[in-house]
Amino acid sequence: MQVEQAGEFILDKIKNELLEHFHYHNADHALDVYTAAKQIAAGEGISGLELDLLLTAAYYHDSGFLFGQANHEESSCKNARQYLPQFGYTADEIEQVCDIIMATKMPQSPHNHLGQIICDADLDYLGRNDFFILSKRLFSELVITDHLESELEWDRQQVKFLQSHHYFTQTALRLRAECKNEHLTAITQRL
């Protein structure tokens with residue numbers, strides 16, 4: 001299993017083929033989720049094969065945006081099934097990667113520890129200092145894909161989302177929950 005080579009392959013594909021209006025769901029986001037997954041996995045004691053499967057899923061989890069926004073998790077799994085065999089992944093390993101990817105589908109529904117970690121990694125930015133920068137990128141993408149009308153509408157959506165969101169792992173809770181709540185307070189005050 002060649003995790004880094006498989007990751008480089010899909011990142012190059014995303015960089016070269018993704019439509020320009022995906023300001024948030026792009027190669028930078030894939031790398032961001034990979035980094036967060038690695039950090040959370042370390043805190044949760046994940047290593048070996050499980051770590052390799054998790055990091056592969058992080059690289060591939062939004063690669064389905066190459067085919068558009070609709071059902072992108074399923075499309076991400078198509079990419080995994082198509083490309084991962086050339087990097088030494090078995091059919092069983094690929095299905096485990098797809099299971100991890102599918103945990104990120106909204107509303108998030110992880111049914112194992114690796115799924116919980118990727119869900120937390122996917123939304124790690126909610127509790128980080130670069131939240132407002134990344135939030136603005138996501139807004140500029142959603143203006144096009146979801147036809148958002150205004151930043152006020154976006155702020156309302158964010159408040160609702162931040163209020164309903166919860167991290168699954170103890171590591172993410174420890175690292176991100178407090179800052180996430182500060183962001184919620186800041187947006188609420190803006191409204």
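E73 is buried (under 20% relative accessible area, with exposed over 50% and partly exposed in between; 1.4 Å probe, protein chains only), at a relative accessible area of 6%. The model is predicted: local features need pLDDT of at least 70, side-chain atom pairs count only at pLDDT 80 or more, and totals for chains, interfaces and linings use all residues. Residues are numbered from 1 along each chain as its sequence is written, and side-chain values use heavy atoms, without hydrogens and water.

E73 forms a salt bridge with K105, with the closest N and O atoms 4.0 Å apart. A salt bridge here is a side-chain nitrogen of Lys or Arg within 4 Å of a carboxyl oxygen of Asp or Glu. E73 lies in helix α4 (residues 72–83) and K105 in the loop between α5 (91–102) and α6, so the pair ties together parts 32 residues apart in sequence. K105 is partly exposed, at 28%. By this rule the count is 10 salt bridges.

D32 pairs with R128 at 3.0 Å between the closest N and O atoms. This pair links helix α2 to the loop between α6 and α7, 96 residues apart. D32 is partly exposed at 22%; R128 is buried at 11%. Both belong to a salt-bridge network with D124, D130 and R176.

Helix α9 spans residues 170–190. It bends by about 50 degrees at R176 (the angle between axes fitted to the seven residues ending there and the seven starting there). R176 is among the buried residues of α9. R190, in α9, forms a salt bridge with D155, the closest N and O atoms being 2.7 Å apart. D155 lies in helix α8.

Technical notes: Helices (H or I, at least four residues) and strands (E, at least two) are DSSP runs, numbered from the N terminus. The expected span of a helix is 1.5 Å times one less than its number of residues.
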